Each structure stands twice: as C-alpha cells, then as structure tokens.
Amino acid sequence: MKITSVDSYVLAIPTREPMARNYAQQKLVVAEIATDEGIAGLGYSLVFGGGGAEAVHAYLRTRLAPTLLDEDPLFVERLWEKMFRTDMGIKKQGVAAYALSALDIGLWDIAGKAAGLPLYKLWGAATDRVSAYGSGGWSKYSEAELIAEAERYAALGCKYYKMKIHHPDPRENRRRVEAVQRALGGRVRMMVDVNQRLDVLGNQRQAAALEDLGLVWYEEPVLADDIAACAEVARSIEIPVATGENNYTRFEFRDLVERRAASYLMPDVCRANGFSETLRIGRHAAAYQVAVAPHVVHELSIQVVGALANGFLVEFIDWTPPDLFQEMPKCRDGAFLIPERPGHGMELAKGAKDKYRIA
C-alpha cells in the first residue's frame, strides 16, 4: 500500500451560546490521506478557539504532508519519526505539533481500517466503555448558566463536572463552586481549572480556599512552560493537580511525572503529536501510577483511554454541531461506548466540508 495524496484544509465551526462568548468558533485542520488500495484516513487537529489554525495548515501542507507521499501508511512509527525529524530547528511543539498530530491520526485511521479493527483493540484493549466528565463553566457564564450547564451534563449521567475559576478573589471562586455543588445535591464531583492564570503563591491561596470541598483535581495551575512551578504547587496544596493539555512531547511529560508535578496527566491527541506520542505518554505515566485523562476531542480520545489500563476519564465539551460528523459517540450513563467501526471511527458528514471550509 502506498500513499498517493494528502488533501488538507481548514474548517471553521461556530459555537453556540453561552460558550460563544468566550470562544466564538472552533477550527479543525483536516488531512485526508489517500492510498493506492482505496483505503483513506481522516486526520484532524482541533485548534481550540481557532487561533493559529492557518499556520498549522501551512506547516502541514508545505513541510509534513510531502514526506508521506509514496510511503507505506502502515509503517506508522517510521513515518512519525520521519515527520518528527523534519526541520530539526523547529521543535515539535505548538504549530508543528498540531500539524504532525493531524497526519498521525490519519495514518492510524488507515491502519485500523486495513486491520478491520477499532484502534483501541488494535492497540490492545483495556476497556470498551470510557467515563466522561462534563466540561465548561467559562469565565463569561453567569452563575445561572454555570449551574444549568452542570445540570445538563448530570442529566447525561456524568459523575464529574469541571468549571473554570477566574475571579481574582479566591472567596468568590469558592462561592461559585459551592453554588454548583448545592444545585447538584452531591450527585456530581467537581474539578476546577485555573487555566495557567496564577503564580505559585496565588495558587496556594486559591487552593487553600477550596481544600475542604472534595475536588477531584486542581487543573493547570501555572504556565504550562514552567514545570518546576507546577511541581511546587503540587507539593504545597492538598488538592491533586492535573495538567498537560499544553505540553507536547513525551519528554515534557517525563519531566512532569518525574518531578511529581501532577497526579493526573491530560495530553491532547491533537497537540501531543498524535495518537503515537499520546500512547507513549500514557504508558510511561503508568510506571509512576499516574492516571491519564486526555484533553477535549473526546471522540478521538476514547480510543486512547480504551487502550490504557491507567486511563481515567475523557473530557466532554458538548459543542459539536450535528452536521459536522456522520456520527458522534453518544454519552449515556456518564460514559462513551467506544464505536466498533474500524480506525478511529470518525468521518465528516456529507456537506460539512463545503459548509465549513475556509481555507
């Protein structure tokens, strides 16, 4: 089997209220990989909020996609190394990592289809049912909207809900968390997400105001670049720390686990150099008894968690319009049953490319 072409483009998808007040749209950088045997792979990276998607597409199209032509797509590991070592002066972080991720995801889609297996079984399945946490609670939500969103996820059976904490007064953030907890009546456990907003001292003060609320985790407390500061926060607060959505390679995650900077790792398959690197990250984390809960794109992340014994949860952000994909996995009783379709199981809906394409 040989790769004959890679067609790539950018989709811009509007979000709905109230999420649209923080993020008016999402963008997908998509790669369709064709082969001479008629098996095609769909790869894509979600660029959250859309910023930089065109740069991701430019790097994918001009630098990485040409390296795949005439290659056997089933040599996924070899092709991943070939892409990773293209342009050695550019670290595979940020724009380059998003681009590599989309292509790696598409290659694995071909491998799964060629084998006639969903990816989690191709990789060695641990489970076919992955629990989810509802995620949202953006800074521009009113308290009523925050509670309504949490209740929608609870109605789907989600046992966990994550909200952002953004107010400069730690007491106000505590008040909003308690308001959601009261509204849900103890049916749902909560996480909070700092979104890299505070320094070490600020996190210590904020976490102290939340420590008795039984939170599952305290997410991304400091700048993702500063692993030493994240480790200091993890050592000095009582709530377990989760981080990793803005880290890109196994080498960064190695530093996170060896420094004991997090109890939960959150690699994003669209940022962490695709399925290949995310699986390496997850398996390395298992040696440290660290759980893995991938960031967003739950429709892809379920394949990873389904293959990892230390997989914990996937992040469920219910933003996708019904005309984007042919069939999204459904959340029932707080979990996703992994589809048995070969590959990762996702295909764009008819007309979605024409409707949403911008480049």
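Hi everyone, this is a short tour of the pockets, cavities and charged side chains in the structure above.

A word on the source first. This is a predicted model, in which local features need pLDDT of at least 70 and side-chain atom pairs count only at pLDDT 80 or more, while totals for chains, interfaces and linings use all residues. Residues are numbered from 1 along each chain as its sequence is written, and side-chain values use heavy atoms, with hydrogens and water left out.

Let's start with the open spaces. A pocket here is an open set of points on a 1 Å grid over the protein atoms alone, with protein on both sides within 12 Å along at least five of seven lines; a cavity is a set of points where a 1.4 Å probe fits but cannot get out, and lining residues have an atom within 4 Å of a point. Volumes are the space filled by probe spheres set on the points, with grid points joined across faces, edges and corners.

The largest pocket holds about 350 Å³. It has 23 lining residues, and Tyr-23, Trp-138, Lys-164, Asp-193 and Asn-195 are the ones nearest its centre. By class, that lining splits into seven nonpolar, seven polar and nine charged residues. For the classes, Ala, Val, Leu, Ile, Met, Phe, Trp, Tyr, Cys and Pro count as nonpolar, Asp, Glu, Lys and Arg as charged, and the others, Gly among them, as polar.

Two of those central residues turn up again: Lys-164 and Asp-193 belong to a network of salt bridges that also links Lys-162, Glu-219 and Glu-315. By salt bridge I mean a side-chain nitrogen of Lys or Arg within 4 Å of a carboxyl oxygen of Asp or Glu.

Next, the second largest pocket, at about 260 Å³. Thirteen residues line it, and closest to its centre are Phe-84, Lys-91, Lys-92, Thr-249 and Phe-251. Helix H2 (76–84) and H9 each supply at least two lining residues, and H9 gives the most, with three. Helices (H or I, at least four residues) and strands (E, at least two) are DSSP runs, numbered from the N terminus. This lining has four nonpolar, two polar and seven charged residues.

Now for the enclosed spaces. How many cavities of 30 Å³ or more does the structure hold? There are two. The largest has about 90 Å³ of space. Among its 13 lining residues, Leu-46, Val-297, Glu-299, Trp-319 and Thr-320 are closest to the centre. Strand E3 (41–47) and helix H11 (298–306) each bring at least two residues to that lining, which by class has nine nonpolar, two polar and two charged residues.

The second largest cavity comes to about 50 Å³. Its lining includes Glu-220, Pro-221, Cys-230, Thr-243 and Leu-256, and divides into seven nonpolar, two polar and two charged residues.

On to the charges. I'll call a residue buried under 20% relative accessible area, exposed over 50%, and partly exposed in between (1.4 Å probe, protein chains only). Lys and Arg count as positive and Asp and Glu as negative, with His and the chain ends not counted.

The structure holds 29 salt bridges. One of them joins Glu-277 and Arg-250, with the closest N and O atoms 2.8 Å apart. This pair links distant parts of the chain, Glu-277 sitting in helix H10 (residues 274–286) and Arg-250 in helix H9, 27 residues apart. Glu-277 is buried, at 0% relative accessibility, while Arg-250 is partly exposed at 27%.

Arg-85 and Glu-81 also meet in a salt bridge, at 3.1 Å from N to O. Here Arg-85 is exposed at 54%, and Glu-81 is partly exposed at 24%.

Finally, which side chain of opposite charge is nearest to the buried Glu-252? It is Lys-91, 7.5 Å away, and Glu-252 has no salt bridge. Glu-252 sits in helix H9 (residues 250–258), and a polar atom of its side chain lies 3.1 Å from the backbone nitrogen of Tyr-248.

Glu-149, in helix H5 (residues 143–155), is also buried without a salt bridge, and its nearest side chain of opposite charge is Arg-152, 4.4 Å away. A polar atom of the Glu-149 side chain lies 2.7 Å from the backbone nitrogen of Gly-137.

Thanks for listening!

How values were computed. Polar contact = N/O pair within 3.5 Å; in protein donor to acceptor, adjacent residues only side chain to side chain.
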